[in-house]
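What follows is a walk through one protein model, from its charged contacts to its sheets, helices and loops. Please keep the sequence and the structure open while reading.

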Amino acid sequence: MPRRRAVDKSEITPGVMKRLIKHVFGLYGGRLSVVLVCIVLSSVASIIATMFMQKLIDECIVPGIANGFDSVKGRMITIITTMAAIYALGVIAALIQSLIMATVGHGVMRSLRDKMFDNMQTLPIKYFDTHAHGDIMSTYTNDTDAIRQFIGNSLPQLITAVLSIVSIVCMMLYYSFWLTLAVGVVMMLMFRVVKVFGGKSAKYMMAQQKSLAKEEGFIEEMIQGQKVIKVFNHEGQTKEDFKKLNEQLFSDSNEANIAGNVLMPILGNMGNIMYVILAIIGAVLVSLAVPNLSFSTIFAGGASAFSVITIGVIVSFLSMSRQLSQTVGQMSMQVSMIAMAAAGASRIFALIDEESEQDAGYVMLVNAKVNGDTITETAEKTGTWAWKHYHKDSDTTTYTLLKGDVQMENVDFGYTPEKQVLFDVSLYAKPGQKIAFVGATGAGKTTITNLINRFYDIPDGKIRYDGINITKIKKPDLRRSLGMVLQDVNLFTGTVMDNIRYGRLDATDEECIAAAKLANADSFITRLPDGYNTMLTGNGSQLSQGQRQLLSIARAAVADPPVMILDEATSSIDTRTEALVQEGMDNLMKGRTVFVIAHRLSTVRNSDAIMVLDHGHIIERGTHDELIAAKGTYYKLYTGAFELE
């Protein structure tokens with residue numbers, strides 16, 4: 001099997017942010033329009049309040065000092081009331097924006113996870129063979145959370161920052177070109193600093209996400225393998241391996257936060273320097289009564305009250321400069337978040353866009369009734385199945401009874417083009433026959449069963465099922481006709497009954513119980529605390545390996561397929577339990593075509609045919625007695641002259 005690889009989180013797909021924004025607006029366009037209005041109101045309120053500060057000084061405080069405050073009392077109350085109303089409007093707009101964006105952020109996470117999971121269920125097995133499970137999990141957790149933070153926090157702050165900067169610059173130009181020019185020089189330096197340190201922060205933030213995915217994948221693997229770790233006293237080495245990954249995560253996180261944390265103090269101090277410079281320039285302009293150049297003087301034809309710069313203008317300008325430097329600082333902090341969101345979105349959309357398992361099949365499995373030589377389709381469950389085959393060339397439909405006749409003809413296959421696994425494999429299994437595969441690990445036994453299920457498609461050769469090429473059969477219908485009992489049992493969180501019913505979701509409780517009895521599982525199930533309603537968690541960790549295997553057999557039995565694949569189903573249980581499991585499997589195999597993979601040769605003696613594989617080749621075939629008489633590889637394996645491994 002090909003080695004799993006982890007997707008590099010630093011890979012950012014071009015145009016991914018545009019696609020993300022389009023997806024967000026497609027889901028919440030109406031609400032985001034309200035948010036945009038709120039952002040505009042909040043930004044404008046903040047700027048206009050600064051204008052009223054200038055009016056309060058020049059029209060109330062300065063005249064009040066000169067002539068007494070009673071003369072400006074009415075005007076002062078009007079300005080203060082107006083300022084309070086504007087601030088209140090800004091606060092309300094910000095509150096509405098926050099509430100809506102919280103919903104939008106989590107809603108987008110829900111949507112992306114739904115899309116990822118929906119597409120993941122359509123992906124071929126090969127995808128999961130070549131992608132680390134921990135890395136896939138990281139896409140559902142870390143990457144979607146990066147998107148949530150971007151949508152809920154970074155995006156509104158960016159829009160607010162841009163609007164605020166534009167508004168502040170316009171107001172500055174309205175008051176004074178000279179002071180705005182000074183601000184512009186400092187702002188150019190500030191943006192240069194943002195580019196340098198923000199770029200470093202973004203780079204290390206993405207590296208941090210990549211390291212986090214590796215660490216999470218390692219932790220998941222170690223949790224699953226705790227028994228093996230303890231059996232081989234591997235705790236020490238596992239700790240060392242984890243420390244290396246954790247150290248890398250610390251290093252990347254440290255670098256990212258250093259770059260990000262240094263940026264704000266630098267920008268803050270540059271803002272303070274700008275504040276001082278503006279105060280000095282403003283004092284000089286006021287003391288020298290330098291004619292002011294601004295949009296206000298241009299609009300007033302040069303006869304405005306601002307034709308000579310005032311103290312109120314200086315104070316308002318200083319307030320705006322402080323607000324401008326803070327806004328640039330807040331915007332700079334979003335650079336790394338945008339980079340993380342872009343990397344996360346690239347991985348999320350890569351999973352959503354991953355090509356689904358191809359299925360060009362058109363032959364369907366249907367319920368059927370047999371009357372003599374006539375097969376008819378029916379909607380009711382009859383226990384008889386037929387392949388419904390539409391022939392496009394003749395515009396006719398034929399029905400073939402599902403019997404379980406499987407043939408492989410000259411099949412070649414490799415999981416990767418560089419490494420072929422099967423070479424010119426041919427075999428057949430007549431309905432009701434038991435075919436066994438014997439050979440060392442890596443000989444190709446499980447690969448054959450994977451091909452019958454069409455988990456992988458073959459480049460050369462043919463596999464026929466009841467005379468029909470399986471490439472013509474719809475994959476869900478094909479797999480519905482096949483039952484599998486694997487060495488590694490997967491039990492899902494739920495009751496015992498739920499896990500048995502997993503074999504056929506429309507099975508009744510009575511059918512599930514009957515399947516459990518067939519599999520010899522009923523006796524131990526009824527002894528559980530809640531019987532069939534006992535809740536299983538942690539892959540059925542409260543059950544023994546043999547009990548878990550019996551549930552797996554019951555799950556296959558309730559599906560009632562005509563073809564069964566038993567992949568080393570008894571290899572990991574004790575001899576005493578094996579007898580119970582073997583009896584359950586024997587019950588399950590009656591009247592079915594069965595493919596058996598087993599290391600214990602005693603379990604395949606009664607097979608109708610035994611195939612001995614070696615490095616992808618079938619080197620011997622025949623019954624147990626025939627192969628023993630031939631005294632070839634099987635004979636040596638059976639007598640212990642050779643070992644399977």
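A salt bridge is counted here when a side-chain nitrogen of Lys or Arg lies within 4 Å of a carboxyl oxygen of Asp or Glu. The model is a predicted one, and by this rule it holds 15 salt bridges. One of them links K430 and D405, with 3.7 Å between the closest N and O atoms. K430 sits in the loop between strand 6 and strand 7 (434-438), and D405 in the loop between strand 4 and strand 5, so the pair ties together parts that are 25 residues apart in sequence. The two ends are covered to unlike degrees: K430 is partly exposed at 36% relative accessible area, whereas D405 is buried at 15%.

Another salt bridge joins D457 to R454, and here the closest N and O atoms are 2.9 Å apart. D457 is partly exposed, with a relative accessibility of 41%, while R454 is buried at 5%.

A further pair is D477 and R480, whose closest N and O atoms are 3.9 Å apart. Both belong to helix 12 (residues 475-480); they are three residues apart, and therefore about one helical turn separates them. An α-helix has 3.6 residues a turn, so residues three or four places apart point the same way. D477 is buried, at 7% relative accessible area, and R480 is partly exposed, at 44%. In addition, E357, K475 and R479 are joined into one network by salt bridges that share partners.

The strands come next. Strand 3 (residues 385-391) pairs with strand 4 (residues 396-401) in the antiparallel sense, over six bridges. Within this pairing, Y390 stands opposite T397 of strand 4. The two strands form a hairpin with four residues between them, and D395 takes a positive phi near 55° there.

An open sheet of four strands follows the order 6-5-8-9, with antiparallel pairing. Strand 6 (422-429) and strand 9 (468-469) are at the edges and have a single partner strand each, so one side of each lacks a neighbour in the sheet. Inside this order, strand 5 (residues 406-413) and strand 8 (residues 460-465) pair over five bridges in the antiparallel sense. D412 has D460 of strand 8 as its bridge partner.

Turning to the helices, helix 4 (residues 133-175) contains 43 residues and spans 60 Å from its first C-alpha to its last, close to the 63 Å expected at 1.5 Å a residue. Helix 4 also has a kink of about 40°, centred on F150. Helix 5 (residues 177-224) contains A207, which is partly exposed at 24% relative accessibility. A207 and E255 are 48 residues apart in sequence, and their C-alpha atoms are 9.7 Å apart in space. Helix 9 (residues 311-332) includes V315. V315 contributes, with M53, V286 and I311, to a nonpolar surface patch of about 280 Å². The relative accessible area of V315 is 34%, which makes this residue partly exposed.

Two loop residues remain. N520, in the loop between helix 14 (509-518) and helix 15 (522-525), has a phi near 65°, a positive value in a residue other than glycine. N520 is buried, at 16% relative accessible area. D560 lies in the loop between helix 16 (545-559) and strand 13 (563-567), and the phi of D560 is also positive, near 55°.

Notes
Residues are numbered from 1 along each chain as its sequence is written. This is a predicted model: local features need pLDDT of at least 70, side-chain atom pairs count only at pLDDT 80 or more; totals for chains, interfaces and linings use all residues. Side-chain values use heavy atoms; hydrogens and water are left out. Patches are made of residues with over 30% relative accessible area and no salt bridge: like charges are joined within 9 Å, nonpolar side chains (Val, Leu, Ile, Met, Phe, Trp, Tyr) within 5 Å. Accessible areas come from the Shrake-Rupley method with a 1.4 Å probe; for residues, only the protein chains shown count as cover. Buried means under 20% relative accessible area, exposed over 50%, partly exposed in between (1.4 Å probe, protein chains only). Two strands pair if DSSP finds at least two bridges between them. The expected span of a helix is 1.5 Å times one less than its number of residues. The bend at a residue is the angle between axes fitted to the seven residues ending there and the seven starting there.
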